[in-house]
Amino acid sequence: MPDSSVEGIARSYIQAVGSHDLNALENLLGEDLVATFAGTALDKAGWTTALKRLLPALVRNEIREVFTAQDRACVVYDFITDTAAGAVRCIELLTINADKIREIELVLDRVAFAPVNEALNARVPPAQ
């Protein structure tokens, strides 16, 4: 039985991304999701598309810490890649309501993450 606590849902989300489990991800994200990264806000479809783009380079996620307060969770994890970046430390701030993730804010070091984007761009040339 899945853990429906704020911490359990947060852990399940990070693990679902890390294991490329798109079905679990679909069930964890609310239809009204707003995800932000670097000042850009994405809806559920946009966030899922962004995650799918990263999956070819993602080996797994390793959760380091989870902090919770009421309906909020802060997850600190390593985004383990098969690129020159290796492991990139990430932080996601999640708001969970009615057992669904409603808000996500991703924080990471863009310089450390740059080799991931370079490797993905080299694997799949940009559309013309």
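## Sheet, ring pair and pocket

Author: β4 (residues 72–81) and β5 (87–97) pair in the antiparallel sense over nine bridges. This is a predicted model in which local features need pLDDT of at least 70 and side-chain atom pairs count only at pLDDT 80 or more, while totals for chains, interfaces and linings use all residues. Residues are numbered from 1 along each chain as its sequence is written, and side-chain values use heavy atoms, with hydrogens and water left out.

Reader: What makes β4 and β5 count as paired strands?

Author: Strands are DSSP runs of E with at least two residues, helices runs of H or I with at least four, both numbered from the N terminus, and two strands pair if DSSP finds at least two bridges between them. The nine bridges of β4 and β5 therefore satisfy the rule. Within this pairing, C74 stands opposite L93 in β5.

Reader: How do you know that β3 and β4 pair, and in which sense do they run?

Author: β3 (58–69) is joined to β4 by 10 bridges, and the two run antiparallel, so the requirement of at least two is met here as well. E62 has D78 in β4 as its bridge partner. The hairpin of these strands has two residues between them, and there Q70 takes a positive phi near 55 degrees.

Reader: What is the order of the strands in the sheet, and why are β2 and β3 called edge strands?

Author: The six strands form an open sheet in the order β2-β1-β6-β5-β4-β3, with mixed pairing. β2 and β3 are the edge strands, as each pairs on one side only. From one strand to the next the twist averages 20 degrees, where axes are lines fitted to C-alpha atoms and angles run from 0 to 180 degrees between N-to-C directions.

Reader: How many aromatic pairs does a search of the whole structure find, and why is the pair of F79 and F113 called by the name it has?

Author: The search finds one aromatic pair. The ring centres of F79 and F113 are 5.5 Å apart, with planes at 55 degrees. Rings pair if their centres lie within 6.5 Å, and planes under 30 degrees apart count as stacked, over 60 as edge-to-face and the rest as tilted, so this pair is tilted. Because F79 lies in strand β4 and F113 in helix α4 (residues 110–123), the pair ties together parts that are 34 residues apart in sequence.

Reader: Are F79 and F113 buried or exposed?

Author: F79 has a relative accessible area of 6% and F113 one of 9%. Buried means under 20%, exposed over 50% and partly exposed in between, so F79 and F113 are both buried. A85, in the loop between β4 and β5, also counts as buried at 18%. The C-alpha atoms of A85 and A114 are separated by 7.5 Å, although these residues are 29 apart along the chain.

Reader: What is the volume of the largest pocket, and which residues are closest to its centre?

Author: Its volume is about 390 Å³. Of the 22 residues that line it, F37, A50, L54, L106 and F113 are the closest to its centre. Helix α3 (44–54) supplies the largest share of the lining, five residues.

Methods: Rings of Phe, Tyr and Trp (its six-membered ring) pair if their centres lie within 6.5 Å; planes under 30 degrees apart count as stacked, over 60 as edge-to-face and the rest as tilted. Buried means under 20% relative accessible area, exposed over 50%, partly exposed in between (1.4 Å probe, protein chains only). On a 1 Å grid over the protein atoms alone, a cavity is a set of points where a 1.4 Å probe fits but cannot get out, and a pocket is an open set with protein on both sides within 12 Å along at least five of seven lines; lining residues have an atom within 4 Å of a point. Grid points are joined across faces, edges and corners, and a volume is the space filled by probe spheres set on the points.
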